[in-house]
Amino acid sequence: MTNQNQTENEQRVIRTDDSKQLPGQFFKKSHELVFSQLTMTPKEHDIMALLLTRLHKDHWDSFIDGTAIRAPVYQFNSDVLSEWFGVKKVDLYNTLVAPSEGLSRKQVGLKNPEKNEFDYINLFKRLSYKDATLTIIPNDELLNEYLGISQGHAQVDHRIFRKLKKEHSKRLYPLLCRFKSKNTQLHTFTIEELHQFFGLLDPKGNMIKKSYASNKVFLDRCIRSSIEEIEKLDSNIRFLSCEQTGSFGYQPIKHGRKIAKIKFLFTWHKVKAKEEIELREELSKEQESLKKSEMIYQLIANFIPNDDGNPTVEELNELMANGPMLTSQGYKMDGEFMVKLGQAMKEALSK
């Protein structure tokens, strides 16, 4: 069970002592954070993903209602850290020290040029590693940005995300994940907007690395290489070729002879039933009932009647048996979810 303590000053401590306390597949990254001017190294991205994977609105309820006067504290022990970063425990200090130092100085840049407004806010209040435990205290001034309260979020597969090695790939992947629904469409970017998005500009708007001012270099390193890496790792995203230019995954839009804008060309599709069955068998062999239930939870949350690969009665019963554990880890089983669960059970029983 999740160990959640409160200190005398009502500061909530969210401990993670076992990787099973982390959702098995996805983390949520708010729309604001996806589009914010926030430059991070690959390891900094991975630390941020670890926090977002564990973070849940329920952890902040006492702070939101005024019961707690301080933001929640998130702690991760060495077992969890070693598995998440794929390193031995003795290497955790060296793995974490540099990216943690970098993140401690990071600020989120929130800009609204239409209103001539900007806001730069520190990402964290504290990052520390002591007694083989990583402690992260998010900045409560970014509560809306962390929780995605106002504009929704990207649902990012952290298994894929952690495998991405390139900084720009880790920046682009959540952006593409933000637009999985057929009801949402990613707008066209100007080259200047993409320079900002990929963190190539300093606070004054000057190019940090002069070589990236060349569209050829920028397209090669930020666009093409990122698309190629993502395409190799995630079979659920399909990049399309531009009919006019043959460019893979994007359409360059020219103003005169110079490329002025970029439109990403991609589509998402569901995991095939065969792949889901194979994954379920693998999880069953490993006797990881909770992780299997996490996958079934995602199927119910996105339930489509009579779709291939919908859960069986046995899987739904297993999900309900693991319900208390799932809710303790932040999985929301509200009225809407229970309606979908009832529909899935009715369909499964009919088969």
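**Helix packing and strand pairing in a predicted model**

Me: Why are helices H2 and H5 called roughly perpendicular to each other?
Reply: Helix H2 (residues 42–54) and helix H5 (residues 92–104) pack at about 85 degrees, with their axes 9 Å apart. Angles of 65 to 115 degrees count as roughly perpendicular (under 35 roughly parallel, over 145 roughly antiparallel, the rest oblique), so H2 and H5 are roughly perpendicular. This is a predicted model, in which local features need pLDDT of at least 70, side-chain atom pairs count only at pLDDT 80 or more, and totals for chains, interfaces and linings use all residues. Residues are numbered from 1 along each chain as its sequence is written, and side-chain values use heavy atoms, without hydrogens or water.

Me: What makes strand S8 largely enclosed by the rest of the structure?
Reply: Six of the six residues of S8 (residues 133–138) are buried, that is, under 20% relative accessible area (exposed is over 50%, partly exposed in between; 1.4 Å probe, protein chains only). Thr133, Thr135 and Ile137 are buried on one side, and Leu134, Ile136 and Pro138 on the other, so both faces are covered.

Me: How do you know that S4 and S7 each pair with S8?
Reply: Two strands pair if DSSP finds at least two bridges between them. Strand S4 (residues 73–77) has four bridges to S8, in the antiparallel sense, and Tyr74 stands opposite Ile136. Strand S7 (residues 124–130) has six, also antiparallel, with Lys130 opposite Thr133. Both strands therefore satisfy the criterion. S7 and S8 form a hairpin with two residues between them, and Asp131 in the turn has a positive phi of about 55 degrees.

Notes. Axes fitted to C-alpha atoms, helices over the stretch in contact; angles between N-to-C directions.
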